[in-house]
Structure formats: structure tokens, C-alpha cells
Amino acid sequence: MTSSLNNNEVSEQVAIDSIQVEANTTQESREPEHEQEPESVVGRKRRKTSSIWKDFDEVEIKKGVMKGVCKYCKLQFATGGPQSSTSHMKRHIDKCLKKKLHESTEKRQTTIPFQPSNSDDIWMWGFQYANSDFHKVTHKTIRSDSVALFEREKKVLKKILESVGKISLTTDMWKSSHQVVEYMVIIGHFIDSEWNLQKRVLSFVKVPAPRRGIDVADSIYKSLKTWGIENKVFLVSFDNASYNDSCLRCLKDDLSLTSKLILDGSLFHVRCCAHILNLLVQDGLSKIKDIIFNIRESVKYINHNDGRLKAFCDVVEQKSLKERKLIIDCPTRWNSTFNMLSTALNFKIAFAAYKEREPHYDYAPFPEEWNKVEKVCKLLEVFNRATHVISGSEYPTENLYLSEVWKVKEILDKAGEDEDLFMREMAGPMKIKFDKYWGECNMLMAIASVLDPRCKFHMVRICFPKIYKSKEVAYENIMKVRCSLEELYDEYVALSLAESSSSIVNLDSNNSSSSQVNVVTVKTGFDEIMSIIQESEAISPIKSELQDYLDEGIYIPKSASFCALDWWRNNSMKYKTLSKMAADILAIPISTVASESIFSAGGRVIDEHRSMLNEESVEALIYGGDWFRQKYNVKKKSKYDIDTIMLLQWHDRYATVKC
């Protein structure tokens, strides 16, 4: 009974709806465009299938009369049933000016959408929200862009190297903790056409096993051939690894086949002075291990927890000490041990007072041990200063190092004659190591000091008698330096003449090829006679550039900030050949610090993500970080190479698959 009544009610409602649709269609032309404010339909709504209803509201104008009202301009349009046409409303919405104005406003004032839940999607969402023009790129796109940048900058660098006279190399090996491979970096050091000291990464490659000396030599020579600079190598600076000796022999043989090495290769190998200093100091520190142990354990004990540290700080405040922080060392780095000892020396009163307040503290050094620490720090201060001098890779340092070696020898001699036995025991092995590496004349170091206009030969004459055991040996080495300097200058004169004649030949060949006419030059009798007269009357220069430079007085700079390279640039017109020789000498690095700085980011260079990159990608990133840092004059401000790390981090997100 109830079911039949409901069916009748539905039928009656459908009939009423049909009548209302016909009435609305008939009355549309007679109704004005704007009526009273429409009211929303209350009750059950009919199902809409057209997409037009996202821009229209269906409202009841008067009882039984329905209209479609534009959401933007509020114009009213006749509507029918669910199957009626909406074409007239579509034509309106395509032309509605208020809708277009609304859409342009929304673009300028974007509402914040719901954040995605996935972390990678959140990262992309942040970029898209900050910049509507941002588009996600794939790892393949990033890789291709990085390689394209690398190839572009490689062409620029290759063009620069074509105009360079001589290039000095530093190299170092490094093993990734995430890969069973070993990498080698090669850095070129040279003076550019504007007399600026430059250094560039020329190679960062895997060295194949078993990584013998010949394998390293082959990798270096292959890199030099790639850049086209195998004829421009001045020398190579290695550390003191045993395989480097065989590498040096192989590399010299390879390079000698294509060009003559300077001074027959006697200057080809430079041992890293930073490593030599480290060996000297480590031998000395091994004799005072007990003193270092007590201070190291004292620092560890105080820094163990906040309570001990606060108690020690209270003692420091009570004693009115200026120092506020203890330093712990890294046992494998002697300069950090020196910093720990010199800092602890400022707290020696506080250590003694802290011992009285802390019964479990058993590492406080005795007064006589503090006296030993003070003497050790005075000795190590000389080594520390020398290390800072040779570690500078942004400016020439070769001309400065002879004086530092002289100072090291002087302090070792004094320590060897000290009244305290422990100082003599400490200085003994250090002097043996000094004589092993610097017992013979360090020709390169001496020549560089002569080319410093503030010193000339005065530096050699003062330092050599102190460095070498007897006056006879010192005088003999001074004469060796003089002869080698003259021989080196003669080689540069010969190279300069060869370059001049080569340029003339090229000019003549270009002129003849441009005219495409073979002209035979015939000298007249007058020309031949004039040539004979000029040869007989020609007066050879009394002094060479080298002799003229040495005979002049030393240069006294007006300020403390002096750069020998700047002086030679300013005098390059006066000493055309000698200035080229000076530039090549001053560009020589005396340590491999510049090469090791490429690995200064530690494990972050090739971590577990970057180990999935192929060799080409790794090279492009390492090269790119160095080249763009040099191009835009970005300096390292911390332990980590920020720009290289950021570049690698950008690539990390897309390195989950092997490129």
C-alpha cells in the first residue's frame, strides 16, 4: 500500500517538472536580465552531468521558476531538465570578462595547496610554490647539463693552457671508503698571460690495480696528452710514498722522448716539504710521549661531562685567566698536538688548582713537566710557522722557504746543545731526518730565493753556511746554485730565440700562402756588403739580463705586503727573458697541499650515494667544482669545500640509479 502511494507521488512530480520547463522556455524572452536576488534551492537537488555547472549556480527565481546564475557576473540563464541544452551558458562563460579577471587575480595570489606527504614531493612542492616556472627535471637531464658545462669549461681551459710556457704539477692519491678503487688528482700550477698565479684540476681519475709506480706514471702521462701539455711540464711534486720513485723514473723517460727537460731533469722532482716537516716533528714527538699523554688525558678528563667542565671553569674564573677553551689533538696531526700543548700551557695554574678540588684527577703534569712543554712549544712554533708559509696555495711561496729551512736548522742545532737531556734526545732524530732530505743542496729552493729581488744572492750566502756542516761544503753549494742559475737562464734564452724564429717562419709561410706566388729573394751587392759591415760592427751586449739583475741593488719594498710575482710583472719589459723564467719558478708549489685540498671534504666526496655515479659524472663534478671556484674567485671558508659539496648534493638526489 505504501509502495504504490510513493510511485503515484513520483509520477505526479515528473509531470509538474515537465510543465515548468515548458513555461520557463516560453517566458525567457519576456523576463528582464536582472531580477531580485535569487535564493538557493532548498531540498533535493537534481543530478547535473554538464561541466558548465562549475561556473553556474542553479537557483529558484520565483516559485517553480529555475535559473542558471553565472558565479562571476550574476547573469541569469534559462535551464531545463537534466537532459536540456547548456550551449547558451557555455557561450557566455567563454566570453565572461569577470571570470577572466578572477582567473588572472588567482594567478597573482596563489592559495597554498595541501602539502604532499612524500618527502621528495615536498621538496619539489616547495620549489614550485616559490617559483611557478619551476619544473622538475630528471637525473638524466642534470647529468647531461653538468657534462655540458664541464665540456664547455674544458675547452676554455685548454685554450688558456695553449698560451702557457711551463706548467708545474702536484699529485696525490686517495682511496674512497665506499669503493675498492683509488683516485689520483693532478693539479697544474702556472702563471697566466696577466701574471696571475693559477691552479687547475687537470685530472681526477681511477688508477687501476695494482697501482704500481708505472701505473701512476701512465695515468699522469695520459692526462698530459689529453690536455696537450706533455711538452710544457717543468716539474712534478710528490709526497714521500715509496712507489713515487719508480713513477718518477718512468714519467721522466716518457716526457724526455718529446721534449728536453729543464736542466736535464735535475729539477724535475720536488719532494713535498710539508711531508718532510711532518716526518721531522713526528720523530721528535716520539721522544716525549709521556708528557703529551698526561696533557691529552687531562683535557679528556675535564671535557668528559658538564660537571667536571663547570668545576674547571670556576677555577679558571677564580685565577682570572683569559683563556676559555681547552683543545684536544688528533694524534696523527702534529700541528694539532702543538695547538693542544700551547693552549694547555696557558692553563697550567688552573690544572694544579683543579687537582686539589678533584681527588680522582690523576693526570696533572708536574711543574718540571710544564717546563718541558714550554721548551717543546718554542721549538714547534718554528715548524708551525714554516708549515703555514708553505701551505699557502693562493700565492707564490717558493722564494720564501729557504729562510724557513734555515730557521728550522738553527732551532735544531740549539736544541741539540740544550742543557736538558730530553731536548737533546728530541732533537737528535729530527736532525738526522733533516740531513737525509735537505743535506744536499736544494737547488730549486735556492734559485727561487735568488729571484726574489729583496734577497738575490744574499739569502743563499747567509743560509747555506748554517744549513751545511762546513764552510767548504756551503761555498761549494753556493757555486752550484750560481752555475745552475746561469745554465737555466741560457736555456730560456735559447727557448725564446726558438720561439721568435718559429713565429717568423709562420709569418713568412702565411704571407706566401696568402699571395700564392713563389718569390725568390735575390740580394743585391749593396745588401751583401751592408750585412758584412753590420756583423763586423755589431757589439754584443756586455751584460745579460741575469747579470744585470744580480748587479743591481736589492729592492726595498715600501710596505710589508710584497709579492715577488708582482715585481717581475712590473719589470717584464726590462727583463723580457728573465721574467719568464722567474714566473715559471715562482709558480712551482713546494708541497702537495693544493692536491690534498681537493679531498678536504673527506668522506663526502665519494660517499655511498656518489659511488653509484659513473666515472665521467664524478670527473665532471670534481672538475666543475674546482674550475668554477677559480672562475668566480670563490675561496674556501671552512674545512669543507662548500661549492663542490653543494654541487654534489644537487646531484645526490638523482644518483639512486647509475648514470
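A residue is called buried when its relative accessible area is under 20%, exposed when that area is over 50%, and partly exposed in between, as judged with a 1.4 Å probe on protein chains only. The views show a predicted model, in which local features need a pLDDT of at least 70 and side-chain atom pairs count only at pLDDT 80 or more, while totals for chains, interfaces and linings use all residues. Residues are numbered from 1 along each chain as its sequence is written, and side-chain values use heavy atoms, with hydrogens and water left out.

**Panel A. The chain as a whole and its secondary structure.** The secondary structure of the chain consists of 25 helices and nine strands, where helices (H or I, at least four residues) and strands (E, at least two) are DSSP runs numbered from the N terminus. The chain has 659 residues, and 43% of these count as buried. When one considers the contacts (heavy atoms within 4.5 Å) with a separation of 6 or more, 69% of them join residues that are 24 or more positions apart.

**Panel B. Helix α12 and what covers its buried residues.** Helix α12 runs over residues 348-357, and within this helix A350, F351, A353 and Y354 are buried. The cover over the buried residues of α12 includes α9 (289-302), α10, α11 and α13, and several of these helices return in the next two views.

**Panel C. The packing of helix α11 against helix α13.** Helix α11, made of residues 334-345, packs with helix α13, made of residues 367-390, at an angle of about 135°, and the axes of the two helices are 9 Å apart. This angle makes α11 oblique to α13, since angles under 35 degrees count as roughly parallel, over 145 as roughly antiparallel, 65 to 115 as roughly perpendicular and the rest as oblique. The axes are lines fitted to C-alpha atoms over the stretch in contact, and angles run from 0 to 180 degrees between N-to-C directions. On the α11 side the contact involves W334, N335, F338, L341, S342, A344 and L345, and these residues meet W370, V373, E374, V376, C377, L380, E381, F383, N384 and T387 of α13. Sorted by class, the residues of this contact are 11 nonpolar, four polar and two charged.

**Panel D. The packing of helix α9 against helix α11.** Here the angle between α9 and α11 is about 70° and their axes are 10 Å apart, which means that α9 is roughly perpendicular to α11. From α9 the residues I292, I295 and R296 take part in the contact, and from α11 T337, M340, L341 and A344 do so. This contact has five nonpolar residues, one polar residue and one charged residue.

**Panel E. The largest nonpolar core and the surroundings of Y401.** A nonpolar core is a set of buried Ala, Val, Leu, Ile, Met, Phe, Trp, Tyr and Cys residues joined through side-chain atoms within 4.5 Å. The largest one holds 108 residues, of which F383, Y401, F464 and W568 touch the most other members, and helix α13 gives this core its largest share, 10 residues. Once neighbours within four places in sequence are left aside, Y401 is in contact with C273, L277, A386, I390, W438, M445 and I590. Another core, of 40 residues, lies apart from the largest one, and I167, L169, V185 and V216 are among its members.

**Panel F. F434 in helix α15.** F434 belongs to helix α15, which covers residues 421-438, and with a relative accessible area of 1% F434 is buried. Although F434 and L280 are 154 residues apart in sequence, their C-alpha atoms are 6.9 Å apart in space. Apart from neighbours within four places in sequence, F434 is in contact with L280, V405, V408, K409, L412, G439 and I467.

**Panel G. Positive phi values at S320 and K456.** Most residues other than glycine have a negative phi. S320, which is not a glycine, has a positive phi of about 60°, and this residue is found in the loop between α10 (306-318) and α11. K456, also a residue other than glycine, has a positive phi near 55°, and K456 lies in the loop between α16 (443-450) and α17 (458-467). The two residues are set in contrasting surroundings, because S320 is exposed at 62% relative accessibility, whereas K456 is buried with a relative accessible area of 5%.

**Panel H. The exposed loop residue E194.** E194 is placed in the loop between β6 (182-191) and β7 (197-207), and its relative accessible area of 55% makes E194 exposed. The C-alpha atoms of E194 and R569 are separated by 8.5 Å, while the two residues are 375 residues apart along the chain.

Notes. Nonpolar A, V, L, I, M, F, W, Y, C, P; charged D, E, K, R; others polar.
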